[in-house]
Amino acid sequence: MNEIKRFETEQVKLYLQDALEGMAMLPDQSFDLAIVDPPYGASTKAVWKLEQGHNLPGFGGQWDIASHTWDEISGIESFQFTLLWLTELKRLVKPTGSIWIHSTYHNSGWVNVACQLLELEIINEVVWYKRNAFPNLSGRRLTASHETILWVHTGNGKREYYFNYEQVKAKTFPSDSLKKPGKQLRTVWDIPNNKKREELAFGKHPTQKPLRLSSRLLFISAQKNGRLLVPFVGSGTEIIAGLRSGMECTGFETEIEYFDLACRRIKEEMSQLQPMLLPGLFSSK
Ligand SMILES: C[S@@+](CC[C@H](N)C(=O)[O-])C[C@H]1O[C@@H](n2cnc3c(N)ncnc32)[C@H](O)[C@@H]1O
């Protein structure tokens, strides 16, 4: 059997491996938090025929059309896949913890039904409003400018999940026009989708989440020294946010390009967080 490529330190364990296979090896209730950014099944094979001299404000050059093999999943296959990873997360996340699940209309129905079938209580459904969303190129639909995030817990009939309520209420999120200091955080979040230069320094992932979004999930629900599980790592955004919150992080990614990108980002992050501990800590194979 081939050895699985991995990146392991005390704080981070990252595997180039299918999340279902990897999670199956982990013990029950070994995590305090999970952030899930799964394939949405939003890939399109459409070919855009843009006229010369098109006039899309702010989009003068080439851009990536959202078509990725790892995202080509739909219908009942998408539902089955959702049920499989959610069943593992129900087993792995403690009743005092939380699961955050990203989605769009392509998979949000499946995620919601799967939570209900597995008797995972939905705490909130958050709408992430992307004020700088990519324009609709076909002119046949509205411009998609939001994603849905479900906040779920595994407590069986009890609400024991950790919620950093007072500090969330007191906080100002500078980019968010909808959050006022001293007021409860609502379920619509105005968070621009652009990434800072440092987030793209080691390469780009086509569906990379902005760090400020992942950091907010952790600010709401993470306990320092807890353990974070990220089944679909991509470029490692959620792991970086987890490290900044003092969590131990475990993740899986199947594409070597993104696995390597995440490793580079994480190494840089750790060199910033713990310069004295860096030499000898990494056993990246
Ligand atoms: C939506 S992206 C995650 C992006 C990430 N949140 C970020 O900010 O970069 C989903 C990732 O899951 C990976 N993936 C797809 N199926 C997988 C599986 N079965 N196990 C592990 N990773 C998988 C894809 O290669 C892709 O990089």
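# Close-up views of a predicted model

**View 1. The loop around Q29.** Q29 has a relative accessible area of 45% and is therefore partly exposed, since that class lies between the limits of 20% for buried and 50% for exposed residues. In this predicted model, Q29 belongs to the loop that runs between α1 (19-24) and β3 (31-36). The backbone of Q29 has a phi near 50°, which is a positive value in a residue other than glycine. As background to this view, most residues other than glycine have a negative phi.

**View 2. The loop around E119.** A second positive phi in a residue that is not a glycine appears at E119, where the angle is about 55°. E119 sits in the loop between α3 (108-117) and β5 (121-129). With a relative accessibility of 64%, E119 counts as exposed, because the class begins over 50%.

**View 3. The shell around the ligand.** The ligand is surrounded by 24 residues, of which D37, H205, S235, T237 and E253 are the closest. Sorted by class, the residues of this shell comprise 10 nonpolar, eight polar and six charged. Two elements that each supply at least two residues of the shell are α6 (237-244) and β9 (248-253).

**View 4. Polar atoms facing the ligand.** Three pairs of atoms are shown here, each with an oxygen atom on the side of the ligand. At E253, a polar side-chain atom lies 2.6 Å from an oxygen atom of the ligand, and at T237 a polar side-chain atom lies 2.7 Å from an oxygen atom of the ligand. For K209 the partner is instead a polar backbone atom, with a distance of 2.9 Å to an oxygen atom of the ligand. The ligand taken alone exposes 610 Å², and the protein buries 96% of that area.

**View 5. Helix α6 and the residue that follows.** Helix α6 is mostly covered, with seven of its eight residues buried. The buried residues of α6 are T237, E238, I239, I240, A241, G242 and L243; among them, T237 is also one of the residues closest to the ligand. Just after α6, G246 takes a positive phi of about 75°. Besides its part in the shell around the ligand, α6 supplies at least two residues of the lining of the second largest pocket.

**View 6. The second largest pocket.** This pocket has a volume of about 360 Å³. It is lined by 16 residues, and those closest to its centre are K196, L211, R212, S215 and R216. Helix α5 (211-221) provides the largest share of the lining, five residues, while α5 and α6 each contribute at least two. By class, the lining of the second largest pocket consists of six nonpolar, three polar and seven charged residues.

**View 7. Helix α5 and L213.** Helix α5 is mostly covered, as eight of its 11 residues are buried, namely L211, L213, S214, R216, L217, L218, I220 and S221. Of these, L211 and R216 also appear among the residues closest to the centre of the second largest pocket. L213, whose place is in helix α5, has a relative accessible area of 0% and is buried because that value falls under the limit of 20%. Between the C-alpha atoms of L213 and D190 the distance in space is 9.7 Å, while in sequence the two residues are 23 residues apart.

**View 8. The largest cavity.** The structure holds one cavity of 30 Å³ or more, and about 40 Å³ of space lies in the largest cavity. Rolling a probe the size of a water molecule over the atoms shows where such empty space is left. The lining is formed by P38, P39, I73, S78, F81, T82, W85 and N107, which by class gives five nonpolar, three polar and no charged residues.

**View 9. V111 in helix α3.** V111 is found in helix α3, and its relative accessible area of 1% is under the 20% limit, so this residue is buried. The C-alpha atoms of V111 and S78 are 9.4 Å apart in space, although the two residues are 33 residues apart in sequence. S78 links this view to the preceding one, as one of the residues that line the largest cavity.

How values were computed:
Residues are numbered from 1 along each chain as its sequence is written. This is a predicted model: local features need pLDDT of at least 70, side-chain atom pairs count only at pLDDT 80 or more; totals for chains, interfaces and linings use all residues. Side-chain values use heavy atoms; hydrogens and water are left out. A residue is near a molecule or strand if one of its heavy atoms lies within 4 Å of it. A polar contact is a pair of N or O atoms within 3.5 Å; within protein, one must be able to donate a hydrogen and the other to accept it, and residues adjacent in sequence count only if both atoms are side-chain atoms. Accessible areas come from the Shrake-Rupley method with a 1.4 Å probe; for residues, only the protein chains shown count as cover. Helices (H or I, at least four residues) and strands (E, at least two) are DSSP runs, numbered from the N terminus. Ala, Val, Leu, Ile, Met, Phe, Trp, Tyr, Cys and Pro count as nonpolar, Asp, Glu, Lys and Arg as charged, and the others, Gly among them, as polar. On a 1 Å grid over the protein atoms alone, a cavity is a set of points where a 1.4 Å probe fits but cannot get out, and a pocket is an open set with protein on both sides within 12 Å along at least five of seven lines; lining residues have an atom within 4 Å of a point. Grid points are joined across faces, edges and corners, and a volume is the space filled by probe spheres set on the points. Buried means under 20% relative accessible area, exposed over 50%, partly exposed in between (1.4 Å probe, protein chains only).
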